[in-house]
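Me: I should like to learn how to read the main features of a protein model. Please take me through one example, beginning with its pockets.

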Amino acid sequence: MTVIRTIEALEAIYDEPGETSLVKEVNWITPEYRALIEASPFVALATCGPEGLDCSPRGDKAGFVRVHDERTLMLPDRHGNNRVDSLRNVVREPRVGLLFLIPGSGTTLRVNGTAVVSTAPELLGSFVVENKAPRSVLVITVEAVYFQCARAIVRSDLWNPELRVDPRTLPTPGKILATLSENRVGGENYDREWPGRAARTMW
């Protein structure tokens with residue numbers, strides 16, 4: 001196996017990036033980039049910490065990531081499994097990366113910056129949904145913003161409804177939990193009860 005170990009060797013096998021690949025990157029949220037953020041109901045949040053890297057899915061109604069100003073985004077932390085892997089990382093290492101997806105669009109948006117975890121009462125209150133406030137909000141200072149071309153979405157045919165995978169062909173969360181725990185947790189009851197449990201604890 002041939003392994004690339006230097007930047008020089010890496011650059012030798014790739015062409016120079018074109019102007020469009022460079023001019024699209026800015027350190028503030030343009031009106032066009034704001035429109036993409038506000039249209040997105042899903043973002044992947046990347047963080048890093050002493051244990052390594054982590055990438056966590058975050059989703060809500062379109063626009064749930066708030067554009068506070070040209071250099072600041074706010075991401076509420078909704079109800080989850082309480083592992084708080086991403087938040088643990090941010091407390092110790094503030095660098096974050098965001099990848100926004102928009103259903104039906106090939107364009108994705110990448111944001112890099114630094115974040116803090118805020119529990120300011122007035123901030124939490126501004127994110128209330130169905131009378132439930134998040135327990136914390138990530139306040140992200142933007143350092144780089146740029147759109148990603150549609151090649152990955154086109155190649156994967158991600159939004160093609162004819163290519164949706166039938167969930168019945170995949171291992172269920174209950175099955176995975178039962179296997180890994182030697183049937184201490186999970187199983188068919190877990191799968192059967194999850195939709196109702198999730199509906200009660202969505203926010």
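**Reading the model**

Reply: The largest pocket has a volume of about 1,100 Å³. Please keep in mind throughout that this model is predicted.

Me: Which residues are closest to the centre of the largest pocket?

Reply: Of the 28 residues in the lining, P57, R78, H79, G80 and N81 are the closest to the centre.

Me: Which elements give two or more residues to that lining?

Reply: Two strands and two helices do so: strand 2 (52–59) and strand 4 (72–77), together with helix 4 (85–92) and helix 8 (188–200). Strand 2 supplies the largest share, namely five residues.

Me: How many lining residues of the largest pocket are nonpolar, polar and charged?

Reply: The lining comprises eleven nonpolar, eight polar and nine charged residues.

Me: Let us turn to the sheet. In what order do its strands lie?

Reply: The order lists the strands as they lie side by side. Here an open sheet of seven strands reads 2-1-5-6-7-4-3, and the pairing is antiparallel.

Me: Which strands are the edge strands?

Reply: An edge strand pairs on one side only, and here this applies to strand 2 and strand 3 (66–69). From one strand to the next, the twist averages 35°. Strand 2 is thus met twice: as an edge strand of the sheet, and as the element with the largest share of the pocket lining.

Me: How many bridges join strand 1 to strand 2?

Reply: Eight bridges join strand 2 to strand 1 (residues 42–49), and the two run antiparallel. One example is F42, whose bridge partner in strand 2 is G59.

Me: I should also like to consider a single residue. Is T108 buried or exposed?

Reply: A residue counts as buried when its relative accessible area is under 20%. T108 has 7% relative accessibility and therefore counts as buried. This residue is found in strand 6 (residues 108–118).

Me: With which residues is T108 in contact, leaving aside its neighbours within four places in sequence?

Reply: T108 is in contact with L99, F100 and L101, with Y146, F147 and Q148, and with I153.

Me: Finally, what describes the protein as a whole?

Reply: The protein has eight helices and seven strands. Its C-alpha atoms fill a box of roughly 55 × 50 × 40 Å along the principal axes. Of its 203 residues, 30% count as buried. Among contacts between residues at least 6 apart in sequence, 62% join residues at least 24 apart.

Key. Residues are numbered from 1 along each chain as its sequence is written. This is a predicted model: local features need pLDDT of at least 70, side-chain atom pairs count only at pLDDT 80 or more; totals for chains, interfaces and linings use all residues. Side-chain values use heavy atoms; hydrogens and water are left out. On a 1 Å grid over the protein atoms alone, a cavity is a set of points where a 1.4 Å probe fits but cannot get out, and a pocket is an open set with protein on both sides within 12 Å along at least five of seven lines; lining residues have an atom within 4 Å of a point. Grid points are joined across faces, edges and corners, and a volume is the space filled by probe spheres set on the points. Helices (H or I, at least four residues) and strands (E, at least two) are DSSP runs, numbered from the N terminus. Ala, Val, Leu, Ile, Met, Phe, Trp, Tyr, Cys and Pro count as nonpolar, Asp, Glu, Lys and Arg as charged, and the others, Gly among them, as polar. Two strands pair if DSSP finds at least two bridges between them. Axes are lines fitted to C-alpha atoms, for helices over the stretch in contact, and angles run from 0 to 180 degrees between N-to-C directions. Buried means under 20% relative accessible area, exposed over 50%, partly exposed in between (1.4 Å probe, protein chains only). Contact means heavy atoms within 4.5 Å.
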